[in-house]
Amino acid sequence: MKRSELQNNLAMTIALISAAMLFVTLFMGYAVYRSSAEAWPPVGMAHVSLTLPFLSTIFIAVSSWFCFQVKNLVAINDLKRANRNLNLTMLMGVGFMISQSFLWLQLKESGIYVTSGIFASVMYGFTWIHAVHVIGGLLALVYLKIVLRPKTNELLQKTINVERFWHFLGIVWFAMFMGMFVF
Amino acid sequence: MDFLQFSVSSNWFKLSMPVEDISTNGHLIDGLWNYTTLLGIFYFILVCIGLFGFSYLYSHKRSKTPYYTYGNKKKHLFITAFIGAAVFLSVDLNITRLSNNDMLAVFWKWPDPKTEKVIRVEVMAQQWMWSFRYAGADDLFGTADDIVTNNDLRVPMNTKILFHLTSKDVIHSFFVPSVRLKVDTIPGRITRVWWDANKAGQYDIACAEMCGTHHYLMKASLTVYTEEDFNKWLNASQTIAMTTNNPEDKNLAWGWKWEY
Amino acid sequence: MSGGYNEIHPEPTTFWSKYIISFDHKVIAKQFMWYGIFFLGLGGMMALLIRWTLTYPGQPFPIIGNLLFPHSAGVVPPDSYAMLFTMHGTIMIFYAITPLLIGAFGNYCIPLMIGARDMAFPMLNMLSFWFAFLSGIVLVASLLLPLGAAAGGWTSYPTLSTMIGSPGAGQTLWCVAIFLFGVSSTMGAVNYVTTVITLRAPGMGYFDMPLTIWGLWLTAILNAIFVPVLGAGVILLTMDRVMGTTFFLAGASATSGSGDPVLFQHVFWIFGHPEVYILILPAWGIVSDLLSFFSRKPAFGAKSTALAMTAVTILSTLVYGHHMFTTQMSPLLTQSFMTLTMTISIPSAIFFANWLGTIWKGSIRFDSPMLFSLGVVFVFGLGGLTGLHLGTVSTDIYLHDTYFVVGHFHYTMAASVLLGGYAGLYFWFPKMFGRMMNETLAKIHFWGTMIPLNGIFFGMLMIGYGGMHRRIYNPFVYESLQRLIPINTLVTQSAILMGAFQIVFVINLIWSLYKGKKAPNNPWNVGTLEWTIPSPPVHHNYDVIPVVKCGPHELGNPNLKNGRDFQYQTEELVQGPA
């Protein structure tokens, strides 16, 4: 492996470990809250319907798949199709954000406000923190779109870095979906 | 430079001794402290002998040619490993064992009100005062005949006192230097501590955890009575409580059901 | 993110690109150094205000008291007192020691000592400084708020740090500042770890790295893993404060639901205990190197020192619970944390054995860096051994939250790290600025720091054992604590004395910067890579990337015939006749 590739891979790995630690801490807190609560969700609060979270999961999974294609296409230097796939990735990413926004609206309509206790805190707080990272990921995709041209130095390496971050966000969301909504 | 005068006139180490231990078990903590300190001093003297001794012996003036070694000969590695093991076995495992024994045999061995005579007290901490609650005549907490005092804890001597503590607002810490014990009071959960005192008198209770601007004023007094005096005080307080406790008073309504 | 890949970058030409938005690790190191020294002074002033208040309650602080506290005639009021110790802790840990030890030495030493032309990611490095700068501005700005800065202690335990205990924006800004600083630290960490792994000069194995680099590298690893944990904690705390969530709220004052204030303590100390080692590891590394350099013999058991550092790094992640014994965790957790905590003394004992082994049979030069290094061994001995009392559950129950704790962690985190930092500064100053510092002033500074320092922190241990608890505005409202007045006075007077001697350092620093003797390339006669190049180094450090052929501590080899008692890392190890 070239030194520059090694450096980029290594740095991205460390950065992802750092970001993962942030979410691990949140999950640790979630485990504490959930295991010490008498009932989850608390008495008087309805289970959150799975429809929207499931839709979000579909969106982010499909966008991850498109993102994977972007990398493959950049690797064979087919920038035109890569660009199309990148657009689809971003579209799906935006779709995820819209789906999440509806999820928050739905929570609010069912009487679960941010201030109504620890269940609501977890539901809103954790998804917000994840959403902020998704916005960061979308900005990275925009950056990738800007540099997606033949003359860019180390285009593949940049694509791989953005792709890894995007997959990371998908994995975190999947963990949240399973841990907080399904079970 | 008034401290120079002081150092002549009084014994500093005596000054820094903790206040007199009035509890049956506080000596365990003092004893372990002394033991740890002696071991610590022993090893610190070894470090100082090395540090100052080598600095003197092997200064550039006295030692022109250094001994060229990486310190990775078998002999050296053995000595290093030996020092590491010696410290760990002689100090760490030792005090861990002693402390663990003390905790299991005494400080975590909660007295059981069902089988022995125990005075139970509920403690509520808030910015910036301590409230104490005794069960009163019906032996139940959270009822109208509870005796509630503020910043004033009174207990009999030679009786186990079991405290259940919580906090209304922020985290405080119930610190009774005279019995060497301390426990945090945490909003939303109940912590426990027990001790028995064997010396009548008046002592300090402090809040040890930063709890806001007037943290330093959050002190209460602890009065240790003889059994007789305590009963006298308890009866008098019971009468007062019966006549003056207002069940509507929100400030009095903080008692909770005593569990476990 | 685009890497530097060890190419020669063109030298910047404008003032702006040379000194402000510089990508050069040497300039960034100096930026961090001035930043750290500024906050060290600020935090030190706060310490003096705290000490004055404790010893002379109700008396106006001399000279600047009236300026700072006009409404109370120069007396520090209780609410300002709480802000002072909160800010003192925060500033010293995050804004003084971290930038000095990790920001300045990390940036300066890592590329130079491993033979690289710059960090792996120069731009990330620049961003790291400016994030830290922004964070510093947010923190200082919070001091000017109408309700004042954060006042819940540097640990900021909820629920005191939530709206229940701290109204006003101070605590929120504290969270923002810490988060920004965390981002900066993480950026630095990503850079340091990558640089050490990928940019070592050809021939340099991990055990050929100077121990300074080992310390900084392990620190960076800990930073990358554990700073985000605190990040998560302060995000949740900010949400509790700003958006009305209840992550850390419980009890009667929480209107609904029940969070868990103790969870924050867990999160804080999962980060906080490694943070202690984040601060001390670079100092350990520097001291391990300097003891060897000035004893003119190889570092005793350098490999085992490096491995012991690694062991401490791993153990530091498993012991945090000893900060929380008084919260009554389950007995099983308590016992586990006590036992794990105790195992840290094995690698610590190995350090001491190796340090003493290094000066044993040496030929010791007592130059100022060496004096400070020996000082570290002394104060860290005291700090480490008093840790035993606090790692033991039953004694900790009495000592927790007393001045004994304050004395202990100042010995380990403040005294050792500060002395280690001074050692490094006196040692690398000639390389950084091309001039020597004045040795006489340096020695005055050493003794003027070392002696009062022990007065302060040993005094704290004594009053702590005497039962005086932490963070109280006026200890003498307790009659039983009034007997401690003389010791308290000694502590304060020592602090003033130590503060005064730091002026010697500042004078020496400024004077040497302009008027110091020109430094030769290798004033200390040691063989690590940074001394093979001119002082100060050229922009790209190495014209030709050096090839490393021997370890960093090749001193006192009797087979050397070239008139030197050391050899450079670029030279083949001189072997004796077999």
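How many salt bridges link chain C and chain B? The count is one salt bridge (a side-chain nitrogen of Lys or Arg within 4 Å of a carboxyl oxygen of Asp or Glu). This is a predicted model, in which local features need pLDDT of at least 70, side-chain atom pairs count only at pLDDT 80 or more, and totals for chains, interfaces and linings use all residues. Residues are numbered from 1 along each chain as its sequence is written, chains are lettered from A and ligands numbered from 1 in the order in which they are written, and side-chain values use heavy atoms, with hydrogens and water left out.

**Chain C with chain B**

- Chain C and chain B bury about 8200 Å² between them, 69% of it on carbon and sulfur atoms. Buried area is the accessible area (1.4 Å probe) that two parts lose on being put together, summed over both.
- C:Tyr398, C:Tyr465 and C:Tyr478 supply 9% of the area that chain C buries here, more than any other three residues.
- The contact (heavy atoms within 4.5 Å) takes 100 residues from chain C and 87 residues from chain B.
- The salt bridge joins B:Arg189 to C:Asp260, with the closest N and O atoms 3.0 Å apart.
- There are 28 residue pairs in polar contact across this interface, both residues at pLDDT 80 or more. A polar contact is a pair of N or O atoms within 3.5 Å; within protein, one must be able to donate a hydrogen and the other to accept it, and residues adjacent in sequence count only if both atoms are side-chain atoms.
- Elements giving two or more residues to the chain C side include α4 (78-113), α8 (261-295) and α16 (485-515) of chain C. Helices (H or I, at least four residues) are DSSP runs, numbered from the N terminus.
- The largest share of that side, nine residues, comes from α11(C).
- By class, the chain C side has 53 nonpolar, 35 polar and twelve charged residues. Ala, Val, Leu, Ile, Met, Phe, Trp, Tyr, Cys and Pro count as nonpolar, Asp, Glu, Lys and Arg as charged, and the others, Gly among them, as polar.

**Chain A with chain C**

- Chain A and chain C bury about 2900 Å² between them, 73% of it on carbon and sulfur atoms.
- A:Arg3, A:Gln7 and A:Tyr33 lose the most area in chain A, together 20% of what that side buries.
- The contact takes 31 residues from chain A and 37 residues from chain C.
- This interface has zero salt bridges. Six residue pairs are in polar contact, both at pLDDT 80 or more.
- Two elements of chain A, α1 (3-36) and α4 (118-147), give two or more residues to the side that touches chain C. α1(A) gives the most, with 19 residues.

**Inside chain C**

- Helix α9 (residues 302-315) has 14 residues and reaches 20 Å from its first C-alpha to its last. That is close to the 20 Å expected at 1.5 Å a residue, the expected span being 1.5 Å times one less than the number of residues.
- Buried residues of α9(C) include C:Met309, C:Val312 and C:Leu315. The buried residues of this helix pack against α7 (211-242), α8, α10 and α11 of chain C.
- C:His408 is found in helix α14 (residues 403-433). At 16% relative accessibility, C:His408 counts as buried, since buried means under 20% relative accessible area (1.4 Å probe, protein chains only).
- Beyond its neighbours within four places in sequence, C:His408 is in contact with residues including C:Gly383 and C:Leu461.
- C:Ser142 lies in helix α5 (residues 122-142) and is buried at 0% relative accessibility.
- The C-alpha atoms of C:Ser142 and C:Ala169, 27 residues apart along the chain, are separated by 7.6 Å.

Terms used:
Buried < 20%, exposed > 50% of the residue type's maximum accessible area, 1.4 Å probe, protein only.
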